[in-house]
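Dear colleague,

I am passing on the structure we spoke about, and I would be glad if you looked it over before reading my notes.

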Amino acid sequence: MSGTDRTKTAVDLKGPVVILVEPQLGENVGMAARAMGNFGLTRLRLVNPRDGWPNLHAARAAAGADHILDKVELFDTPAAAIADLNLVLATSARPHDQAKPVIGPEAAAGEIIAHIAGGGDVGILFGRERFGLKAEEVALADRLVTFPVNPGFASLNLAQAVLLVGYEWFKRAAGAALPHAMPERSPRAGKQQIDAFFDNLVRELDKVEFLRPAEKRDTMLVNLRNIFTRMEPTKQDMHTLHGVVMAIAEGRKGPAKGGVLDGTQATRLRALLAEQGTGRAPEEGGSVRGLARLLRRNPTDAERMLWEALRRDRRFAGDFKRQTPVGRHIPDFVSFPRRVAIELVAPGESEAIAADRAARASWLAERGYRVVALETAEIERDLGAALDRLAAGG
Ligand code: SAH
């Protein structure tokens, strides 16, 4: 049954006996047994069930509580059903006007547990669906149990009444322990770890002068710290937050957004694409564009260095674009206003790559582009010289 973990052992608490006096519907007996099973009760007694016993409807409604139905005990009278017990509670929605303490289900659970702990045996009487318990049956009991309900609509279904009593009993008897809880994925962060994170955060906030004006600084720090204290963060939370703060503070370091390759892998990707592309017929614009996006997201180290320099350097006024298609070709950099393309040449390139580049260069040259080849080694060794050469026209 869903929600039932058969690998878990059933609870083994000694509970009260449930006694149904002349139950009418087999379904209600079955559902009562099911409710008992849910709350660790096992002992069910029936006094003259109207439709006989065993009962097919009861078996169906019990939904697997067979261990309870199989052990049902049958009696001819309520007196016989309680003969071996020494504390008996009668449940009723109605006031019976008898000199007998009336208690709620929680107090009943307390009395049941105390009595059983003292070595006693307890029974709870439930009445018929149509008219409940007779006065003389209530008279057999030590207590009358009634539920806090809407007085204008007080009568519960028989099985639901059993469930409610079972629930209150089990909650107390099992110490209100829930069978499962939110999994602890990472242990709580220690105060020292939170402190280290916080110091770091404050240092970064000071760099951008966030904690201003000066007279508000202390209050801001208290409020800020309380955000993290209230979070009750785990160690993993602290690692994550630390990473977030540093990433924002230091800017991106790894591949550009959406990139997954490091510099060496990106270089290999370029080589592979160049070799594949040799002598190929022009492809549709869509694939060229997809390729451009892939290359843009995965810059090689030299490409990233040159890209950052080109954007910073005023001489180029930021008009170079990276990995942008020109027709069906993708030079490493292109400036449309200058009509200049830059090709990065990696050391030890294969002939196929060189041929691919030569084809692209002549195609670009035919359309009036000046193609500047820069060695990646040169960029990595002396970026300034490379830029000067570019600014000087070649
Ligand atoms: N019509 C019946 C109620 C039958 S309900 C009457 O008026 O008494 C079947 C049984 O469920 C009741 O006999 C009683 O044992 C239990 N029960 C139903 N509602 C209850 C309530 N509000 N408090 C305590 N027991 C209740």
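The notes below take the domains, the ligand site, the cavity and the backbone in turn.

Please keep in mind throughout that this is a predicted model. The domain assignment divides the chain into domain 1 (17-173), domain 2 (191-251) and domain 3 (263-391), and the centres of domain 1 and domain 3, taken over C-alpha atoms, are 84 Å apart.

As for the ligand, 20 residues surround it, and the closest of them are Thr91, Arg94, Gly127, Ala154 and Leu156. When this shell is sorted by class, 10 residues are nonpolar, six are polar and four are charged. Two of these neighbours reach oxygen atoms of the ligand through their side chains: a polar side-chain atom of Thr91 is placed 2.7 Å from an oxygen atom, and a polar side-chain atom of Arg94 is 3.1 Å from an oxygen atom. Ser92 contributes through its backbone instead, with a polar backbone atom 3.4 Å from a nitrogen atom of the ligand. On its own the ligand has 540 Å² of accessible area, of which the protein covers 92%.

Turning to enclosed space, the count comes to one cavity of 30 Å³ or more, and the largest cavity holds about 40 Å³ of space. Its lining consists of Pro23, Gln24, Leu25, Gly26, Val29, Pro49, Asp51, Gly52, Trp53 and Asn55, which by class amounts to five nonpolar, four polar and one charged residues.

Trp53, one of the residues in that lining, also takes part in a backbone feature, for the peptide bond from Trp53 to Pro54 is cis, with omega near 0°. Pro54 belongs to the loop between β2 (44-47) and α2 (56-61). A further cis peptide bond runs from Arg212 to Pro213, with omega near -5°, and Pro213 is located in the loop that lies between α8 (191-207) and α9 (217-231).

These bonds deserve a note, as does the residue that follows, because most peptide bonds are trans and most residues other than glycine have a negative phi. Asp97 has a positive phi, near 55°, although it is not a glycine, and Asp97 is found in the loop between β4 (87-91) and β5 (102-103). Thr91, whose side chain makes the 2.7 Å approach to a ligand oxygen atom described above, has a number that falls within the bounds given for β4 (87-91).

With best regards

Note on methods:
Residues are numbered from 1 along each chain as its sequence is written. This is a predicted model: local features need pLDDT of at least 70, side-chain atom pairs count only at pLDDT 80 or more; totals for chains, interfaces and linings use all residues. Side-chain values use heavy atoms; hydrogens and water are left out. On a 1 Å grid over the protein atoms alone, a cavity is a set of points where a 1.4 Å probe fits but cannot get out, and a pocket is an open set with protein on both sides within 12 Å along at least five of seven lines; lining residues have an atom within 4 Å of a point. Grid points are joined across faces, edges and corners, and a volume is the space filled by probe spheres set on the points. Ala, Val, Leu, Ile, Met, Phe, Trp, Tyr, Cys and Pro count as nonpolar, Asp, Glu, Lys and Arg as charged, and the others, Gly among them, as polar. A residue is near a molecule or strand if one of its heavy atoms lies within 4 Å of it. A polar contact is a pair of N or O atoms within 3.5 Å; within protein, one must be able to donate a hydrogen and the other to accept it, and residues adjacent in sequence count only if both atoms are side-chain atoms. Accessible areas come from the Shrake-Rupley method with a 1.4 Å probe; for residues, only the protein chains shown count as cover. Domain bounds come from an automatic or database domain assignment. Helices (H or I, at least four residues) and strands (E, at least two) are DSSP runs, numbered from the N terminus.
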